[in-house]
Amino acid sequence: MLIVEGLTKRFPSGRGIADISFEAKQGEVFGFLGPNGAGKSTTIRLIMGFMNPDRGRVTIDGRDAGRRAGDVRSKVGYLPGEISFLDGMSGRGFLDFLGAMQRVDSKAKRERLIERLQFDADTPIRKMSKGMKQKVGIVAALMHDPALVILDEPTTGLDPLMQKTFVELILEEKRRGTTFLLSSHSFPEIERTCDRAAIIKDGRLAAVKDIRELRSLQRKLFELVFDNAEDALAFSCSGIETASVDGSRVVVAVQGDYDALVRAAARYPLRSIDAAAQNLEDVFMHYYDRKEIAP
Amino acid sequence: MNVPLLRRMLTTHSRVFLNYAFGSAFYIVLMFWLYPSMADNSEALDDLMNELPDGVVNAFGIQNGFGTLEAFISGEFYGLILPILLTIFAVSLATQLMARLVDRGSMAYLLSTPTTRARVALTQALVLVIGLILIAAVTTLAGFASQAWIIGDGYPLNAERFISLNVAVLALFFAIGGVAFLISSLANDEKRATGLSGAIAFGMFTLDLLGKISEKIEWLRSLSLFSLFRPSDIVSGQGAIGLELTVLFAIGLLLYAAGIYGFAKRDLPL
């Protein structure tokens with residue numbers, strides 16, 4: 001459905017992307033994972049034809065999706081990373097306008113989506129919160145039943161309950177055969193919906209992997225608080241990979257082998273265990289810091 | 001061209017169109033209303049003007065004196081007020097139609113639909129031209145209406161010359177609008193687009209004014225599109241205006257085409 005081949009774009013600042021290639025098959029939810037500034041949005045802009053690549057090609061549904069390919073876009077739904085609607089309109093007014101531009105009768109589906117996402121579409125856009133704008137954006141991206149949906153950081157601004165609704169929406173659309181490209185800087189967001197994901201680092205692809213494989217590769221940090229510092233010290237010498245020891249507090253890094261952690265920790269009295277919040281670089285240190293040992 | 005976009009943009013900007021159109025209409029009504037009292041003292045005013053340096057008279061286009069209604073409005077209104085009003089209108093609208101949408105990111109939505117960039121840009125250019133035509137038309141109608149209702153037959157208005165005057169001002173701002181549109185199409189930053197096209201438009205206006213003041217620097221006028229618009233010559237019936245109109249129209253078309261082409265080709269920071 002979406003084929004990206006050798007996409008390259010250098011900016012005068014020296015940043016950009018180089019030689020990005022991947023394919024999202026029909027009915028697949030393809031994740032695009034990378035920290036801020038890695039080149040996710042640049043790749044999406046090139047796919048959408050907002051910029052001209054220095055090299056490379058984008059094919060959507062078997063057709064070249066260059067700058068001039070206007071009608072390929074009737075098959076594409078798009079949610080920008082930073083949403084900006086037109087001035088002086090209500091949410092519904094904007095959706096009606098965009099529906100007319102998309103040249104598809106999308107009224108019924110539009111109403112269903114508005115119902116699903118639970119927002120008052122008649123609110124003027126300038127009075128909308130970030131989360132509400134995001135909802136209007138999601139409706140705009142899905143209402144015309146596109147074959148390919150490109151979502152740039154889709155869940156920013158949505159509360160956890162709405163994130164869940166959003167995940168359900170994607171999975172429903174997927175069952176109907178819709179292809180998704182979903183970019184994110186958070187692995188849990190990708191994990192819930194994607195079949196495969198590409199990891200992008202400094203403008204280059206570090207890996208394209210099955211989501212199950214990525215799950216086993218991710219490295220989680222746990223913070224253990226022991227009763228006393230001696231136990232903490234003894235525990236940290238028991239062969240478990242510890243990220244830091246501070247008095248009775250130990251931070252442990254686990255990659256797949258949760259069993260060993262539980263066994264080692266069970267020998268000492270514990271006060272608490274917490275999963276530490278992590279950014280993408282910590283989860284996939286594998287790709288981000290120690291590239292030389294990457295497979 | 002894209003019909004839903006055109007309709008949307010006309011709705012969005014309709015209030016601004018009407019504000020400028022009525023502002024201009026109000027001013028021309030005011031001028032017409034003032035005219036009889038001026039005309040009755042026209043000899044005294046003509047004497048006063050003879051006291052003024054030739055350059056100043058020239059610059060403000062009042063060399064035709066206050067003898068006829070067209071002569072009176074051609075200097076004050078068409079030579080100064082309306083050009084300033086339309087320059088502000090053209091610069092701000094052209095910036096809003098292209099550069100603002102790119103700067104804020106809304107352009108991403110327009111371009112994510114099955115239309116081409118060229119069509120989006122052409123539609124936006126059309127919105128600007130429609131706005132200019134509307135203002136010129138309302139101003140012309142207001143002129144005729146106030147001649148008929150306010151000042152009456154005592155002071156006739158030469159309809160042909162008055163219409164020529166309005167067509168000429170429209171042609172001038174078709175071209176000035178083209179300058180602003182080209183800059184707006186190529187700009188990523190709204191403020192920079194306003195600043196640059198404002199500076200160029202008012203710069204040309206000033207060059208024309210300076211060139212008219214002194215013969216020594218008259219060459220300055222050749223740098224300005226405003227020199228192709230001579231309201232005082234039109235109302236005194238000197239020479240044909242066909243050539244100027246054609247040149248302004250051709251320059252305008254070229255500028256809009258360049259804007260559309262440039263916008264279709266360039267990288268957009270969306």
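These exercises work through domains, a sheet and helix packing in a predicted model.

**Exercise 1. Domains**

Task: State how chain A is divided, and how far apart the C-alpha centres of its domains lie.

Solution:
- Start with the bounds. Domain 1 of chain A covers 2-215, and domain 2 covers 219-277.
- Then take the C-alpha centres. Those of domain 1 and domain 2 of chain A lie 39 Å apart.

**Exercise 2. The sheet**

Task: Give the strand order of the open sheet in chain A, find its edges, and place helix 1 against it.

Solution:
- Read the order. The four strands of chain A run 2-1-4-5, and their pairing is antiparallel.
- Find the edges. Strand 2 (16-24) and strand 5 (63-64) of chain A each pair on one side only.
- Look at one pair. Strand 1 (residues 2-10) of chain A joins strand 2 of chain A through six bridges, in the antiparallel sense.
- Pick out a bridge within strand 2 of chain A: A:G16 is the partner of A:R10.
- Add the helix. Helix 1 (residues 40-48) of chain A packs on the sheet and touches strand 1, strand 2 and strand 4 (55-60) of chain A. The direction of helix 1 makes about 65° with that of strand 2 of chain A.

**Exercise 3. Helix 2 on helix 4**

Task: Describe how helix 2 and helix 4 of chain A cross, and which residues make the contact.

Solution:
- Take the axes. Helix 2 (residues 91-102) and helix 4 (residues 130-142) of chain A have axes that come within 10 Å and cross at roughly 20°.
- Classify the angle. Angles under 35 degrees count as roughly parallel, so helix 2 of chain A is roughly parallel to helix 4 of chain A.
- Assign the hand. The crossing of these two helices, 2 and 4 of chain A, is right-handed.
- List the residues. Helix 2 of chain A contributes A:G91, A:F94, A:L95, A:L98 and A:Q102. Helix 4 of chain A contributes A:V136, A:V139 and A:A140.
- Sort by class. The contact of helix 2 with helix 4 of chain A has six nonpolar, two polar and no charged residues.

**Exercise 4. Helix 3 on helix 4**

Task: Repeat the analysis for helix 3 and helix 4 of chain A.

Solution:
- Take the axes. Those of helix 3 (residues 107-117) and helix 4 of chain A come within 10 Å, crossing at roughly 150°.
- Assign the hand. Helix 3 of chain A passes helix 4 of chain A in a right-handed crossing.
- List the residues. From helix 3 of chain A come A:K109, A:R110, A:L113, A:I114 and A:L117. From helix 4 of chain A come A:K135, A:I138, A:V139 and A:L142.
- Sort by class. The contact of helix 3 with helix 4 of chain A has six nonpolar, no polar and three charged residues.

How values were computed. Residues numbered from 1 in each chain as written. Chains lettered and ligands numbered in written order. Predicted model: local features only at pLDDT ≥ 70, side-chain atom pairs only at ≥ 80, totals over all residues. Heavy atoms only, no water. Domains from an automatic or database assignment. Pairing = 2+ DSSP bridges. Contact = heavy atoms within 4.5 Å. Axes fitted to C-alpha atoms, helices over the stretch in contact; angles between N-to-C directions. Parallel < 35°, antiparallel > 145°, perpendicular 65-115°, else oblique. Left-handed = near helix turned anticlockwise from the far one by under 90°. Nonpolar A, V, L, I, M, F, W, Y, C, P; charged D, E, K, R; others polar.
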